[in-house]
Structures are given as structure tokens and as C-alpha cells.
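Colleague: Please take a close look at one part of this model. Then go outward from there, and say where the evidence comes from a record and where it comes from the coordinates.

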Protein chains: 2
Amino acid sequence: MATAHLLTPPRLHHHPTTTPASSSAARLRVTASLAHPLLNSRLRLTTASRPLRPRRRAMSTTVRSSLIDPDGGALVDLVAAPDRRAALRVEAEQLPRVRMSLIDLQWAHVLAEGWASPLRGFMREEEYLQSLHFNCIRLPDGGGLVNMSLPIVLAIGDADKDQIGDKPDVTLEGPDGGVVAILRRVEIYPHNKEERIARTWGTTAPGLPYVDETITSAGNWLIGGDLEVLEPIKYNDGLDHYRLSPQQLRNEFDKRGADAVFAFQLRNPVHNGHALLMNDTRRRLLEMGYKNPILLLHPLGGYTKADDVPLPVRMEQHSKVLEDGVLDPETTIVSIFPSPMHYAGPTEVQWHAKARINAGANFYIVGRDPAGMGHPTEKRDLYNPDHGKKVLSMAPGLEKLNILPFKVAAYDTVAKEMAFFDPSRSQDFLFISGTKMRTFAKNGENPPDGFMCPGGWKVLVDYYNSLQAEVVPAPV
Amino acid sequence: MATAHLLTPPRLHHHPTTTPASSSAARLRVTASLAHPLLNSRLRLTTASRPLRPRRRAMSTTVRSSLIDPDGGALVDLVAAPDRRAALRVEAEQLPRVRMSLIDLQWAHVLAEGWASPLRGFMREEEYLQSLHFNCIRLPDGGGLVNMSLPIVLAIGDADKDQIGDKPDVTLEGPDGGVVAILRRVEIYPHNKEERIARTWGTTAPGLPYVDETITSAGNWLIGGDLEVLEPIKYNDGLDHYRLSPQQLRNEFDKRGADAVFAFQLRNPVHNGHALLMNDTRRRLLEMGYKNPILLLHPLGGYTKADDVPLPVRMEQHSKVLEDGVLDPETTIVSIFPSPMHYAGPTEVQWHAKARINAGANFYIVGRDPAGMGHPTEKRDLYNPDHGKKVLSMAPGLEKLNILPFKVAAYDTVAKEMAFFDPSRSQDFLFISGTKMRTFAKNGENPPDGFMCPGGWKVLVDYYNSLQAEVVPAPV
């Protein structure tokens, strides 16, 4: 059963009418929004002007796209139309206000752009319970199940609850106090933190990063409702141009004539083992009959734990990997996935995969121990490293996604390059963990030749050097 | 959504061929196994000889039953045919042996009779992971999802694992060392107790009764496989005649011409509030157009926590309730549900409901805080009392079951009887909890007239008197 929906043959999704991406207005908009530093302008112009390729097995001339359908059939977009914004600002001033943390804001962003389609706002209790118990949510009117493994919820305290009373609508402020959104037809229900943590992480041990950061000190209530965001959420950190929405990504895949999109989720620097895997996946997809598989290299951009490499450093590193030609810019899109990280292993990997369906990916590469970490209080992995891909391949609502299990790559000391591990000569292989990689970079040591492209490695070394420069020595 | 599949109109399930219950051989067997003390012989003879009633909306003469289909389409029966038993005994002597606890044996019983259909044995890892993460299991070949909320697993220790090695088949012994079953094509996988507990109970707090009893000291491995039970499992406690299998229950429902079966799960004595609810449910089903709704009064008979009333006392109490005419023996079947109790609230109530589908029930009555208990270390309910019925009504794989939420009954001090709570005169109502009821019985006090039939109450008083007689006074 675990392999039941691996590597199904190419499928086409038929859209009877012209998609937005194929209208010239939409095409212009997309091109404008894709001032993407990882694609040099020549490549951008080339891809933008390339006509849509004819599709395999096209059944009629109305087929405009082979992209997978978003969950629930239509991509959710919760950003108000520009002509409504003034009125919404006036309305927002008169409503009870709830202040969001940065992580809450990241979730509002995720919701607003439809990564969590068909969710239309922070979860009400009915959605929360389904997510917590079943990792999936039932569509109305017998529409089946969609995957939804993480509770996307907003916690409030007693004072907020009292202030809201039975008013139906609430203004959501960002961390700086600015108006971000209106939450409508709200429902307030108890936030049983212990149960939420136990069912999401499979442990209640102290020291889970997301729990410490967002749950432990959060309020005892959750507030759900329909979200209406006043304008696109931006962080003004110099990286917003990387934050393509699911619709923008779909437009770009369409423009490039993708007949398969394979997503690679990561929150670490890209080494040559990752690149080997991604390039090998493309080769396999071509062998399967796809003509133009596009890679979505999709680093997670929301909250990560303190010892992960920060997003700006990772983006610079990814940029070098494309500059150095390790990945092909013409068949790769680098974009930021705006979700915060839970480190919830098999539960979270479903969210990572599901969100990429909404962005148009029909293939998802899953590695060893996805979204895993060490147990916070015991000397072992928190999750069985194989459970992530097993759970993912069986998850309700993900049947339409092709799961590609990660082949293990390691440093081949004979060939002096990253290569797929060959158990028949295991003594030739060196496994370089994330921790080992960080230790090399911290100590200014070089990893073996061929582990990572030199430009990418330099970004990491510079980052760790800058950290050490900041450390004030403790008095002896 | 929570009410999407409440109270759908009567449906008929068509079986194209004659069911076993309608053959005279099966009929004889059923009648013989139903030497049921709660039905006096006149009634038994009456029901046994009554012809099948014509069905409403019968579409052809081949319709033999209106019972709901078991999960997976066919009821699982893992008891070896009598002519195979001698050979199995010989084979069993040559295999590695694993000793089961009494609770393991209860699960083997549950599996053997098909309560957990379509499961064919203790869970392998693939089933375990789906149960733990999704509370449901995917049928092969696109057959959809069936509910499976509790992991039905068998734990073994390192020594057992070493002894088994890579042998495919294992003999399962009962607590007394006798051969019970062979487990075939076994798979041994890690028993991550913390994760199992957290995801099943939504807490890892110490003091969960089932955890203390069966998990904490259990082995670090789980062994799954296909179960072949040598002969029907019996406990020789004087109550085996109450333990009707799902097939026996289906045969009995067929024989009585049931066109609706409504199940009432309980692990407490029946008071007149319960009876009011059950009788009222029958009235509502008649109003809906059913002609012959049958009540399955189905006390849980496996492991329960120490302060619950023991099974033999409960069965005697239930017997008095029928003798005293509080429930109608002609439209009621009392039988024991052999499952152990997890006290896992919303997760467990799905199991309770799902198992009754397999026994032919298409209506399930769900109360406040089903399978709930107090939090083991905090002064609160472990589960939100409303979550059980909410989760049940949304659970994947239970769409075909009609969920009947429990109306709250309390003692009406004006009418001097148990009545449905009327919030407009709440001051007239007295809520008598299980704890209060037990306190009355322990202290030899009588509850208010009309709370419970006198015969049933006497059973409880006698039980608590017998307990006190056993208590040796502590030295002052």
C-alpha cells in the first residue's frame, strides 16, 4: 500500500476554459512579478517568450495546463481587491483588535495565498478537530477529503476573548500594530495545548522549538473565522520577490510549459547530494515520458529554530548553487515557501506536500526523517526516520500527488563526489550530516572536494565567521 | 458538517443470495447459541419462530436483510474450521511462542470474530501508522477508507524478537500457556510507546489506566501478522453465552426482522435515564418510518479500570433492568462487546462505533464525553465533553453510520422520574453522576425514587456491601 501511488504515469488535468496565465494581461503581470534574481534576464526573456508546448496525450485544444488541481478544486485567494481596501480600513478601525505575532502573521500569509486551500481562514473547531484527529478535512457536499495535517490556528487570551464578546468580526493586527486583516464570523473555542501538542508531535516532552516559541505562552482560546487580508503580506526583508504565491508559481509553470512539477522542500543549504537527487529526479521523469519537468526548489521561509541557517543566508547559498551551474536555471524555479516550521516529522511532511499541490507540484521528493529532529529530552531521533515517507504515501487526501522517496546520497571517497550510496562498497562512502557540515563551516575547515560548490560553501563560511565575530568572550 | 450524516432516512442493503441466517442449519445454530438469560424462553421461542417480516421498500424477493454492510464488505472470521484444528495444533508446537496477557487475548478475540473487519490480525506497521495518524485505514485497490482509530497491536520484548528471528509464523499462547492462535507472515517493528500514547490519548500524563496496565511495562517491539485462531475464544466465567459474535448478532437481527439496529455502548449500570434515552430513540426511529428497530444493549466486556463496576455485576444489573420491564426484551438484545477499554475519549468512541457497524448496527447513540475520564494529573476532564460526538460525526470511514447524539437526562424532582433535561426549569433537575451513584450504593443510601429500577439497584448495593465486607480495617 505504501507504494500504491508512487510514480503513476503522466496525467493531464483538463481546464475547459482559458486559464488566467494564458491571457496576455495575466502573462504581463506574471512576467513583471518575476524579477527573479536567480534567473538572469536572458533566461527570463527566453522562458517568457516561449510558446506553450504541445502536451502529450492532449485530448482537445481546450487543454491549457497539465498542472495538478488545487485542493478543493479552486485556489483560495483571501487578499481583498484593491478597490475594497479603503472601506475595509474604515471598517477595521471599528472592530475589536487582536495582535498577531510574527509567526501568526506568517500563517495569515500562508492562508491568504491559498497554500492551505480550501481553508479560508484560521481554523474553526470543526476543522481543528479533523486536522488533529484525522490529518484531513472533509469537503462539503460529499466532495471527499483533503489533507490538512497541521492545525492552522490563532490563539488568544482571556482579555481578547472578553473584548470580542459575541461580536462576529475582529481586526487582526501585525506584530507592529498595523492592520493586516479582518477575521469574520469568528468562533472562539478552548485551546487545549496539551492535547494539541501530543497529537501533533507525538510527544509532550519539553523543548520542542515551535511549542516553546508559540504555544506554551499562548492564550487559552483559539479563534477561527474567514480571513480577509487587506493587502498582500510583505516582510520588507529584501526577499519578498522570492515569495511567489501558489498562483504566481502556477502561472510561471504554465508559462514554461511544464508538464510535470517536482517540488523539493528544504530548510538547509543545498549540497551536491541534494543536487544529484534533483537532477536524477528530472532524468527519471524524462524517462517516464514527461517532456518538460520543472523543479520547484522551495526553501521554507517562515519560523525555523535558532540553530538552523537563517533564511537570507540560505537564499544566498541557493543563488550560488544556480550560478555555479549545479542546478539548471532554465528548468528550476527557486521560491520561498512562507510557512513556519513545526519540526513535527510525519505529521508536518504531509503539510509540506499538500501545500505544494496547491502551488501546482504533482511530484514531491521526500527524504529520510522529513521535518524531523532529535528528541528534545532523549538521545534518539524524535521520529522513526522511515515514518515520514510511509505516512506521506498513505495519507488521505494526497492520493493525487506522486511521492518520490529520496535516494540516499553520500560522499564517495573514491570518485571524490557526492553519489548515491552503494551498499556493496559502503566503506567508500562518507556521510556528512547537517551538524558535521555546520561544524566544518564554523571551524573554517573545508569539506571534501565535491561536497558543495565553492561559491555556496563560501556563503556558509562567511555566515559562521560573522557569528563568531559577534560572540563576546565570557570572562574566565 | 457535524450533522451531515445524522438521521438519514432508512436504507436497505441488498444481499443477492440467501444469508446464512436464513438457512435452517444456521438458524438452528443461532437458536442454540442464544440460550440467553435475558430473554425468557417464551420470548425466545416467539422470536425464533417468527417469520422474517416483509421489508419496507423491498425491491425484489432476493432482499434478505436490511443490515448495514461490514467494513470492507465481508465480515472477517479468523477462527479455523474444526477440521483444520488438529493439524494446526501440531504445527503450533513447532513454532516460536509468544505469551499473551489477558488483554492481548481480548484483542485476539476481537480480531478473530471480525469486530475490527477488515483487519485480519494484529496490525503490521502500515496499518499501525495509518491508525495512529489518520484514525482510518485505506482498503486495497481504491476501496476507500474504513475507520480504525485504536492501534490493535501486540507488544513483545527483545527476547521474543530474538527467538523469532526471521521465522515467518509464531504461536500465540494465552495467559495460561495454552495455544490460542498462529500469527502468520509476521512483521516486527519498533514500539514507540511515547508516540503511541501521545497520539492515542492526546496526553502522556502518568496514570492513564490502559497505559499503566498494558503499555508501560510492555516490550519495545510490536508484532503484526495474519491471525488464525484455533478455536472460538472463551473465558469460562459464566458469561460466555452473552458474548455473541458480530455474525451471531447479525443472524439474530435478521431472525427478528430488524430494519434498524441501534447500539448503546456502556460500561456502567443502566439507570432510568439511559432507559428513557433508549426507549425514546426507538420511538424516533419508528417515527422516521422504520417498522422494527432493535436495540443492541452492548456493555463493554474487556479490560476496565479498577473503580468501574465489574462485568459480572453489570450483567446481573442489566438482567434485572430487563426483568423489571424497563427495557422491552422483545426489541432488545443484550450482549457483551469483548473489547478492552482504552479511556481514550474521541479516539476510542470511533472504535466503539466502528465495531458495532460490523455487528450490524446502523445507528449509534453517543453520549456526553464518551470513553472519557478525569485528567490523570489535573483537576479537569481529560477531553472536552463535546469532542466525542463531534469527532465521531466527522470521522472518515463512519459516513454510513447514523450518529444519534445523546439527549441529557436528569432526575426531575417534580415528576419524580428521570426525564430529559429542560433548561427552562433547570432548578427542578438533579444530576446524579456515576461517582454520586456509586457513593449512594457504597453508603447503603437509596437514590431518589425512579432513578433506577429496584432490582437493578439492589445488585449494586449488594456488590458494594460485598466489597466492604472484604476490607480489613486498618489499625488505628
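Modeller: Over residues 241–462 of chain A, helix accounts for 36% and strand for 16%, and the C-alpha atoms at the two ends of this span are 24 Å apart. The model is predicted. The boundaries of the span come from an unreviewed UniProt entry, which annotates residues 241–462 of chain A as "domain: Sulphate adenylyltransferase catalytic".

The same kind of record gives another span to set beside it. An unreviewed UniProt entry annotates residues 68–231 of chain A as "domain: ATP-sulfurylase PUA-like". That span is 32% helix and 22% strand, with its end C-alpha atoms 27 Å apart.

Some background on the chain comes next. Chain A has 15 helices and 15 strands. Of its 476 residues, 58% are buried. Its exposed area is about 18,900 Å², with 54% of that supplied by carbon and sulfur atoms. When contacts in chain A between residues at least 6 apart in sequence are considered, 77% join residues at least 24 apart.

One salt bridge shows such a long reach in sequence. Asp71(A) and Lys400(A) meet through their side chains, with N and O 3.1 Å apart. Asp71(A) sits in the loop between α2 (41–49) and α3 (85–93) of chain A, and Lys400(A) in the loop between α13 (387–394) and β12 (402–405) of chain A, so the salt bridge ties together parts that are 329 residues apart in sequence. The two partners differ in their cover: Asp71(A) counts as buried because its relative accessibility is 1%, a value under the 20% cut-off, whereas Lys400(A), at 23%, counts as partly exposed.

Another salt bridge in chain A pairs Arg124(A) with Asp226(A), where the closest N and O atoms are 3.4 Å apart. Arg124(A) belongs to the loop between α4 (102–112) and α5 (125–134) of chain A and Asp226(A) to strand β7 (residues 221–229) of chain A, so this pair ties together parts that are 102 residues apart in sequence. There is also a network of salt bridges, which links Arg84(A), Glu91(A), Asp169(A), Arg184(A) and Glu228(A). Over all chains the count of salt bridges is 66.

In chain B, Arg84(B) can be examined on its own. Arg84(B) is placed in the loop between α2 (41–49) and α3 (85–93) of chain B. With a relative accessible area of 37%, Arg84(B) is partly exposed. Apart from neighbours within four places in sequence, Arg84(B) is in contact with Arg184(B) and Glu228(B). The C-alpha atom of Arg84(B) is separated by 8.3 Å from that of Leu230(B), although the two residues are 146 apart along the chain.

Back in the numbering range of the first span, chain B offers two more places to inspect. Arg256(B) and Glu252(B) form a salt bridge, with 2.8 Å from N to O. Both Arg256(B) and Glu252(B) are buried. Lys305(B) lies in the loop between β9 (293–299) and α11 (311–323) of chain B. Its relative accessible area is 16%, so Lys305(B) is buried. Neighbours within four places in sequence aside, Lys305(B) is in contact with Pro209(B), Arg267(B) and Tyr343(B). From Lys305(B) to Tyr343(B) the C-alpha distance is 8.9 Å, with their positions 38 residues apart in sequence.

Cysteine can be dealt with briefly. A disulfide is a covalent bond between the sulfur atoms of two cysteines. The count of disulfides over all chains is zero. Cys453(A) counts as buried because its relative accessibility is 7%, and Cys453(B) counts as buried because its value is 5%.

That leaves the relation between the chains. A turn of 180° with a shift of 0.0 Å along the axis lays chain B on chain A, and the RMSD is 0.0 Å. The two copies are therefore related as by a two-fold rotation axis. Of the interface residues of chain B, 100% are also interface residues in chain A, so the copies meet through the same surface.

Note on methods: Residues are numbered from 1 along each chain as its sequence is written. Chains are lettered from A and ligands numbered from 1 in the order in which they are written. This is a predicted model: local features need pLDDT of at least 70, side-chain atom pairs count only at pLDDT 80 or more; totals for chains, interfaces and linings use all residues. Side-chain values use heavy atoms; hydrogens and water are left out. A disulfide is a pair of cysteine sulfur atoms within 2.5 Å. Buried means under 20% relative accessible area, exposed over 50%, partly exposed in between (1.4 Å probe, protein chains only). A salt bridge is a side-chain nitrogen of Lys or Arg within 4 Å of a carboxyl oxygen of Asp or Glu. Helices (H or I, at least four residues) and strands (E, at least two) are DSSP runs, numbered from the N terminus. Copies are superposed by least squares on the C-alpha atoms of residues with pLDDT of at least 70 in both. Contact means heavy atoms within 4.5 Å. Accessible areas come from the Shrake-Rupley method with a 1.4 Å probe; for residues, only the protein chains shown count as cover. UniProt positions are given in the numbering used here, feature names are shortened, and annotations may be inferred rather than shown by experiment.
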